[in-house]
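Hi everyone, and thanks for coming. I'd like to take a few minutes to walk you through a structure that may be new to you. Let me put it on the screen, and then we can start.

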Amino acid sequence: MRMGLQVSADRGRYATKVEKLQADARWADDAGLDTIWTPQIPDEFDVMTAATLLAAATSRIEIGTSVVPVQPRHPVVLAQQALSVQAVSGGRFTLGIGVSHHWIIKDMLGLPYDRQA
């Protein structure tokens with residue numbers, strides 16, 4: 001069995017956000033967990049930046065994103081970001097993608113949310 005942990009940046013605590021994320025990642029790595037995951041929260045820290053910070057603070061644990069919404073990100077930009085995180089992590093990165101909720105895409109971002117596949 002593999003064990004993992006989900007972490008995210010403390011909402012609104014910009015002065016300590018990076019330090020807290022990296023401390024959580026180091027703890028998970030040192031504790032012997034297999035994976036550490038971070039989500040994209042609509043009005044919070046960018047998930048790809050957070051994944052890069054987690055990777056930079058660890059040496060062996062797998063780093064992953066929960067669902068990164070595909071609607072607001074151009075596929076080329078998302079691929080570039082994933083390649084960057086993969087380089088920092090030394091091949092330990094897993095990108096989770098999917099569609100977001102209508103209230104985030106349509107209501108918060110003003111993007112169309114037609115029938116999602």
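**Starting from helix H2**

Let's begin with helix H2, which is mostly covered: seven of its ten residues are buried. Before I go on, please keep in mind that this is a predicted model.

Which residues of H2 are the buried ones? They are Val47, Met48, Ala50, Ala51, Leu53, Leu54 and Ala55. As a general reminder, an α-helix has 3.6 residues a turn, so residues three or four places apart point the same way. And what do the buried residues of H2 pack against? Their partners are H1, S2, S3, strand S4 (68-69), helix H3 (75-89) and S5.

**The sheet**

Several of those names are strands, and that brings me to the sheet. There is an open sheet of four strands, paired in parallel, and the order across it is S1-S2-S3-S5. At the edges sit strand S1 (4-6) and strand S5 (93-94), each pairing on one side only. In general terms, strands of a sheet pair through backbone hydrogen bonds, either parallel or antiparallel.

Let's zoom in on one pair. Strand S2, residues 35-38, and strand S3, residues 62-65, run parallel and are joined over four bridges. If you want to find this on your screen, look for Ile36, whose bridge partner in S3 is Ile63. Trp37, in turn, stands opposite Gly64 in S3.

Now follow S3 itself. Glu62 and Gly64 point one way, while Ile63 and Thr65 point the other way. Are these four residues buried or exposed? All are buried.

**Two glutamates**

Next, I'd like to show you two glutamates. Glu19 lies in helix H1, which covers residues 17-31. Its relative accessibility is 60%, and because the cut-off for exposed is over 50%, Glu19 counts as exposed. From Glu19 to Gly32 is 13 residues along the chain, and their C-alpha atoms are separated by 20 Å.

Glu44 is found in the loop between S2 and helix H2, residues 47-56. Why does Glu44 count as buried? Its relative accessibility is 14%, and buried means under 20%. Leaving aside residues up to four places away in sequence, Glu44 touches Asp10, Arg11, Gly12, Tyr14 and Lys17.

**The whole chain**

Let's step back now. The protein chain has four helices and six strands, and from the N terminus on they run β-α-β-α-β-β-α-β-β-α. The radius of gyration is 15 Å, close to the 13 Å that the globule rule gives for 117 residues, so the chain is as compact as a globular protein of that length. Along the principal axes, the C-alpha atoms fill a box of roughly 45 × 30 × 25 Å.

How much of the chain is buried? Of the 117 residues, 37% count as buried. Among contacts with a separation of 6 or more, 73% come from residues 24 or more positions apart.

On the outside, the accessible surface comes to about 6,800 Å², and 57% of that belongs to carbon and sulfur atoms. As for charge, there are 11 positive and 12 negative charges, and their mean positions are 2 Å apart.

That's my tour. Thanks for listening!

Technical notes
Residues are numbered from 1 along each chain as its sequence is written. This is a predicted model: local features need pLDDT of at least 70, side-chain atom pairs count only at pLDDT 80 or more; totals for chains, interfaces and linings use all residues. Side-chain values use heavy atoms; hydrogens and water are left out. Two strands pair if DSSP finds at least two bridges between them. Helices (H or I, at least four residues) and strands (E, at least two) are DSSP runs, numbered from the N terminus. Buried means under 20% relative accessible area, exposed over 50%, partly exposed in between (1.4 Å probe, protein chains only). The radius of gyration is taken over C-alpha atoms; the globule rule is 2.2 Å times the number of residues to the power 0.38. Contact means heavy atoms within 4.5 Å. Accessible areas come from the Shrake-Rupley method with a 1.4 Å probe; for residues, only the protein chains shown count as cover. Lys and Arg count as positive and Asp and Glu as negative; His and the chain ends are not counted. The place of a charge is taken as NZ of Lys, CZ of Arg, CG of Asp or CD of Glu.
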